[in-house]
Amino acid sequence: MSELNNLRNRIEEINFSILELLSERGQIAKKIGQEKLKSGTDIYDPMREKEMLNRLLETNKGPYDDNVIKQLFKEIFKASTELQQSENEKHLLVSRKLKPEDTVVSFDNGAKIGDKEKIFVFGPCSVESYDQVDAVAQDLAAKGQKFIRGGAFKPRTSPYDFQGLGEEGLEILKEMNKKYGLNVVSEIVNPAHFEMADLYVDVFQIGARNMQNFELLKEAGRSNKPVLLKRGLSATIEEFIYAAEYIHSNGNSQIILCERGIRTYEKATRNTLDISAVPILKQGTHLPVLVDVTHSTGRKDIMLPVAKAALAVGADGVMAEVHPDPAVALSDAGQQMDLNEFDYFFNEIDKTRQLYL
Ligand SMILES: O=C(O)C(=O)C[C@]1(C(=O)O)C=C[C@@H](O)C=C1
């Protein structure tokens with residue numbers, strides 16, 4: 001055998017030894033990942049990586065120079081964190097890796113969210129009076145809708161702004177449920193309110209500002225009604241998924257996610273709709289995903305194309321705000337559609353919905 005062949009054989013033997021060691025290292029990294037999941041420790045640990053690199057470089061005798069060794073080991077660390085991440089995701093109850101089939105949230109009036117048919121959740125921002133909600137509810141029922149949204153507890157930026165009618169607002173919504181058969185979607189802001197709200201509401205909404213209010217999430221998890229969880233203003237998709245996991249791990253699997261725009265430097269819209277979050281959430285979780293076109297855009301002139309885009313990227317439905325007289329609305333006056341604008345919006349988006357049947 002030539003010297004070249006000898007050397008090549010030796011190199012190949014070393015390849016297999018490295019592979020064997022890498023596999024063993026990967027198995028240990030997986031176990032570390034499990035321990036980190038149990039203790040809630042971050043997977044990525046730059047300090048630990050730096051210390052290990054320093055020790056390796058102190059021992060490095062060549063022929064590869066320090067930078068090469070550093071790059072090679074950084075790749076190994078990166079591969080470990082990715083392995084730990086994807087292993088840990090498999091253990092999340094909301095993960096599609098754990099449950100490949102879509103979750104479908106079903107209601108007594110026959111409505112389903114997350115099934116083949118896309119749905120809509122419309123209604124006023126705040127419940128202000130019986131007549132105001134009734135005007136919208138009547139319109140929704142005439143359009144064959146199965147849901148109405150409306151806020152009775154309003155987390156507002158300013159403490160001096162209208163804070164909602166509270167239980168009285170929920171009573172009005174319940175009237176709409178009785179009169180028109182609409183499922184009521186309304187936000188809960190206080191863990192102590194679930195029991196009371198259970199009498200009036202069909203879907204508990206957890207708003208963007210409360211996405212990481214863990215006591216609220218745990219209580220929602222202990223309830224037995226569907227929960228519509230909105231993405232936080234500055235929440236990453238991962239944080240959003242973990243917030244949903246809080247609800248699921250406390251016993252409630254009926255969760256609907258809602259992308260409602262995130263805060264960026266862009267001022268042309270109220271928030272920046274993260275349209276790519278929709279397919280990412282659909283891939284990563286088995287939960288239904290809605291898109292709120294009112295809070296994301298804050299602009300009636302672009303709500304329709306944005307709603308069409310949401311359905312096109314795989315959203316299970318769209319949320320938007322409608323008010324009989326937006327000019328006098330006690331919240332979000334500028335961005336709610338009046339009934340005429342809503343007529344046009346509805347007819348158009350309903351045509352799009354039918355394309356996906
Ligand atoms: O030591 C850890 O905490 C690990 O998770 C292992 C490991 C590694 O592969 O060495 C992986 C990711 C961390 O960023 C640091 C180190």
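**View 1. Residues around the ligand in the predicted model.** Ala 29, Ile 32, Tyr 44, Asp 45, Arg 48, Glu 49, Phe 77, Ser 80 and Thr 81 surround the ligand. By class, this shell holds 4 nonpolar, 2 polar and 3 charged residues.

**View 2. Helices that build the ligand shell.** Helix 1 (3-39), helix 2 (46-59) and helix 3 (66-90) each contribute at least two residues. Helix 3 gives the most, with 3 residues.

**View 3. Helix 5 (residues 167-180), end to end.** Helix 5 has 14 residues. At 1.5 Å a residue, the expected span is 20 Å. The end C-alpha atoms lie 20 Å apart, so the model agrees with that expectation. Just after helix 5, Gly 181 adopts a positive phi of about 70°.

**View 4. The buried face of helix 5.** Gly 169, Leu 170, Ile 172, Leu 173 and Met 176 are buried. Seen down the helix axis, these buried residues fall within an arc of 155°, so they line one face of helix 5. An α-helix has 3.6 residues a turn, so residues three or four places apart point the same way.

**View 5. Packing partners of helix 5.** The buried residues of helix 5 pack against two helices and two strands: helix 4 (130-142), helix 6 (194-197), strand 4 (147-149) and strand 5 (183-187).

**View 6. The other side of helix 5.** Here Glu 168, Lys 178 and Lys 179 are exposed. By contrast, Leu 170 and Ile 172 are among the buried residues of helix 5.

Definitions and conventions: Residues are numbered from 1 along each chain as its sequence is written. This is a predicted model: local features need pLDDT of at least 70, side-chain atom pairs count only at pLDDT 80 or more; totals for chains, interfaces and linings use all residues. A residue is near a molecule or strand if its C-beta atom, placed from the backbone, lies within 6 Å of it. Helices (H or I, at least four residues) and strands (E, at least two) are DSSP runs, numbered from the N terminus. Ala, Val, Leu, Ile, Met, Phe, Trp, Tyr, Cys and Pro count as nonpolar, Asp, Glu, Lys and Arg as charged, and the others, Gly among them, as polar. The expected span of a helix is 1.5 Å times one less than its number of residues. A residue is buried if 20 or more other C-beta atoms lie within 10 Å of its own, exposed if 12 or fewer, and partly exposed in between; C-beta atoms are placed from the backbone. The arc is that of the directions from the helix axis to the C-beta atoms. Two residues are in contact if their C-beta atoms, placed from the backbone, lie within 7 Å.
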